[in-house]
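Student: Hey, I've just been handed a new structure. Can you walk me through it?
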Amino acid sequence: MAKKDPQDKAFDAALEELEGVVEQLESGDLSLEDSLAAFEKGVGLVKYCNQKLSEVERKVEVLVKDKEGKLQLKLLDAMADDEENDS
């Protein structure tokens with residue numbers, strides 16, 4: 001079993017926390033002030049999760065043009081293999 005990266009753990013924890021915030025808001029048991037605070041916390045968690053997902057996406061995929069000029073999505077590992085074969 002592969003070990004999780006600490007960033008993955010932080011992402012997972014943030015996502016779990018966000019789910020809890022959503023449940024609290026959906027319950028309707030919070031006061032207006034508490035609802036607003038929970039909403040603000042949720043917005044911050046969404047931004048954090050989106051940022052982490054974008055970082056991972058940039059690391060995994062790179063948009064490149066092939067010989068005909070068409071855009072293709074390639075995994076970084078596949079690009080490294082192509083560069084090794086070109087050498």
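Tutor: Sure. Keep in mind that this is a predicted model. Of the 87 residues in the protein chain, 13% count as buried.

Student: Okay, and how many helices and strands does the protein chain have?
Tutor: The protein chain has three helices and two strands. Following the sequence, the pattern reads α-α-β-β-α.

Student: Which residues make up the largest nonpolar core?
Tutor: There are seven in all: Phe11, Ala14, Leu18, Val21, Ala38, Leu45 and Cys49. Helices α1 (6-27) and α2 each supply at least two residues of this core, and the largest share, four residues, comes from α1.

Student: What is Ala38 in contact with, leaving aside its neighbours within four places in sequence?
Tutor: Ala38 is in contact with Val21, Gln24, Leu25 and Leu30. Val21 also belongs to the largest nonpolar core, along with Ala38.

Student: Switching to the outside: which residues make the nonpolar surface patch?
Tutor: Leu25, Leu36, Phe39 and Val43 make a patch of about 340 Å². So you meet Leu25 again, as one of the contacts of Ala38.

Student: Which helix gives the most to that nonpolar patch?
Tutor: Helix α2, residues 32-60, with three residues. Leu36, for instance, sits in α2.

Student: And how much surface does the whole protein chain expose?
Tutor: About 7,400 Å², with carbon and sulfur atoms supplying 54% of it.

Student: Last one: what share of the contacts with a separation of 6 or more comes from residues 24 or more positions apart?
Tutor: In the protein chain, such residues account for 33% of those contacts.

Note on methods: Residues numbered from 1 in each chain as written. Predicted model: local features only at pLDDT ≥ 70, side-chain atom pairs only at ≥ 80, totals over all residues. Heavy atoms only, no water. Buried < 20%, exposed > 50% of the residue type's maximum accessible area, 1.4 Å probe, protein only. Contact = heavy atoms within 4.5 Å. Areas by Shrake-Rupley, 256 points an atom, 1.4 Å probe, with all protein chains shown as cover. Patch = residues over 30% accessible without salt bridge, like charges linked within 9 Å, V, L, I, M, F, W, Y side chains within 5 Å. Salt bridge = Lys/Arg side-chain N within 4 Å of Asp/Glu carboxyl O. Core = buried A, V, L, I, M, F, W, Y, C linked by side-chain atoms within 4.5 Å.
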